[in-house]
Amino acid sequence: MNSNNNLFPVFLKIRQLKTLIVGGGNVALEKLNALLKNDPRANIVLVGREISEDIRARVNGIDTISLHQRAFLPSDLHSGIQLLILATNNRDLNAVIYGMARAKGILTNVADTPDLCDFYLGSTVTKGNLKIGISTNGQSPTFAKRFREVLEDILPDETNELVNNLNRIRNSLKVSFSEKVRILNDKTKELVSK
Ligand SMILES: C[C@@]1(CC(=O)O)C2=NC(=C\c3[nH]c(c(CCC(=O)O)c3CC(=O)O)Cc3[nH]c(c(CC(=O)O)c3CCC(=O)O)/C=C3\N/C(=C\2)[C@@H](CCC(=O)O)[C@]3(C)CC(=O)O)/[C@H]1CCC(=O)O
Ligand SMILES: NC(=O)c1ccc[n+]([C@@H]2O[C@H](COP(=O)([O-])OP(=O)(O)OC[C@H]3O[C@@H](n4cnc5c(N)ncnc54)[C@H](O)[C@@H]3O)[C@@H](O)[C@H]2O)c1
């Protein structure tokens, strides 16, 4: 086990948080796509001195996203931003904005500087209600991507059905909490017995 791997994964409800992306190039598009892949109605503000045609096309018709073509302003951090992704091509600027955000308690990702990230984006696998997040602790995004592809391939389509069936059983059990835990564990024992 790598004792330096201290990342704690959480699954954020990004439509009820406000995310600011600064930058309007390829990396901004990659991070925007990562958010939208998981929630097509994520609440996002994007500020970029230039904003690519690809970004404009991607957000076309999505009313939870607003684009602002201009340079970043400190006041961009004043309107209830909770998550910040810095994707400009100016490392010094990214570091300055990171400092401002930190002072305000805004969780920040500086895409090209892992040392200045409060959180990393992960590769994500979704099978209905099942969501798996993958990180390599910043060491190899390529590995994370390939491992996502492996998991997408091997997880059967029935996975979501299984989760939903267990949810139905969970909701129908009118017994004590400890009895419920015992029954659910008992019913799922054979899933892990091999
Ligand atoms: C998982 C994923 C999520 C997403 O973004 O959606 C993601 N990067 C993805 C792809 C990808 N990114 C890069 C390549 C090119 C090959 C390579 O470099 O490996 C590829 C692969 C490809 O595109 O094929 C380049 C790159 N990435 C970072 C740096 C800077 C550095 O490391 O210093 C550089 C070099 C820039 C340069 O050289 O200029 C940094 C980060 N990228 C992370 C996440 C975070 C760590 C995640 C972890 O812990 O594993 C972290 C630390 C911060 C962050 O961005 O959150 C997504 C896969 C989605 C999917 O397909 O499932
Ligand atoms: N994390 C990753 O996955 C990853 C991958 C590749 C590259 N990078 C690094 O990320 C950085 C961005 O890469 P890119 O390909 O998106 O670059 P890019 O040149 O395509 O885009 C940079 C964007 O930042 C904007 N910008 C610059 N100054 C600004 C300001 N003051 N206010 C608002 N917007 C401003 C520009 O207008 C442009 O839209 C580079 O430094 C690159 O080395 C990171």
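**Notebook: two ligand shells, the domains and the core**

I began with ligand 2 in this predicted model, and found 21 residues around ligand 2, of which Gly24, Gly25, Val27, Arg49 and Asp112 come nearest. I then looked up which elements build this shell, and noted that α1 (26-38) and β2 (44-48) each supply at least two of its residues, with α1 giving the largest share, four residues. Sorted by class, the shell around ligand 2 holds nine nonpolar, eight polar and four charged residues.

I turned next to ligand 1, which has 22 residues around it, and there Ala34, Ser123, Ser135, Thr136 and Pro141 come nearest. Here α1 appears again, since at least two residues of the shell around ligand 1 come from α1 and at least two from α4 (141-154), while the largest share, five residues, belongs to α4. By class I recorded eight nonpolar, nine polar and five charged residues in the shell around ligand 1.

I asked myself where ligand 1 lies with respect to domain 1 and domain 2. Residues of both domain 1 (19-121) and domain 2 (122-155) enter the shell around ligand 1, so ligand 1 lies between these two domains.

I then went through the domains themselves, and the assignment for the chain lists domain 1 (19-121), domain 2 (122-155) and domain 3 (160-188). Taken over C-alpha atoms, the centres of domain 1 and domain 2 are separated by 22 Å, and the contact between them involves five residues of domain 1 and four residues of domain 2. On the side of domain 1 that touches domain 2, I noted three nonpolar residues, one polar and one charged.

I also checked the UniProt record, an unreviewed entry, which lists residues 128-153 under "domain: Siroheme synthase central". Over that stretch, 128-153, I found the chain to be 50% helix and 19% strand, with the end C-alpha atoms 15 Å apart.

Last, I looked into the largest nonpolar core, which has 26 residues, and noted that Ile21, Val22, Leu32 and Leu86 touch the most other members. At least two residues of this core come from each of β1 (19-22), α1, β2, β4 (83-86) and α3 (91-103). I followed leucine 32 further, and, leaving aside its neighbours within four places in sequence, I found leucine 32 in contact with Ile21, Ile44, Leu46, Ile55 and Arg58.

Conventions:
Residues numbered from 1 in each chain as written. Chains lettered and ligands numbered in written order. Predicted model: local features only at pLDDT ≥ 70, side-chain atom pairs only at ≥ 80, totals over all residues. Near = placed C-beta within 6 Å. Nonpolar A, V, L, I, M, F, W, Y, C, P; charged D, E, K, R; others polar. Domains from an automatic or database assignment. UniProt positions renumbered as here; feature names shortened; annotations may be inferred. Contact = placed C-beta atoms within 7 Å. Core = buried A, V, L, I, M, F, W, Y, C linked by C-beta atoms within 7 Å. Buried ≥ 20, exposed ≤ 12 C-beta atoms within 10 Å, placed from the backbone.
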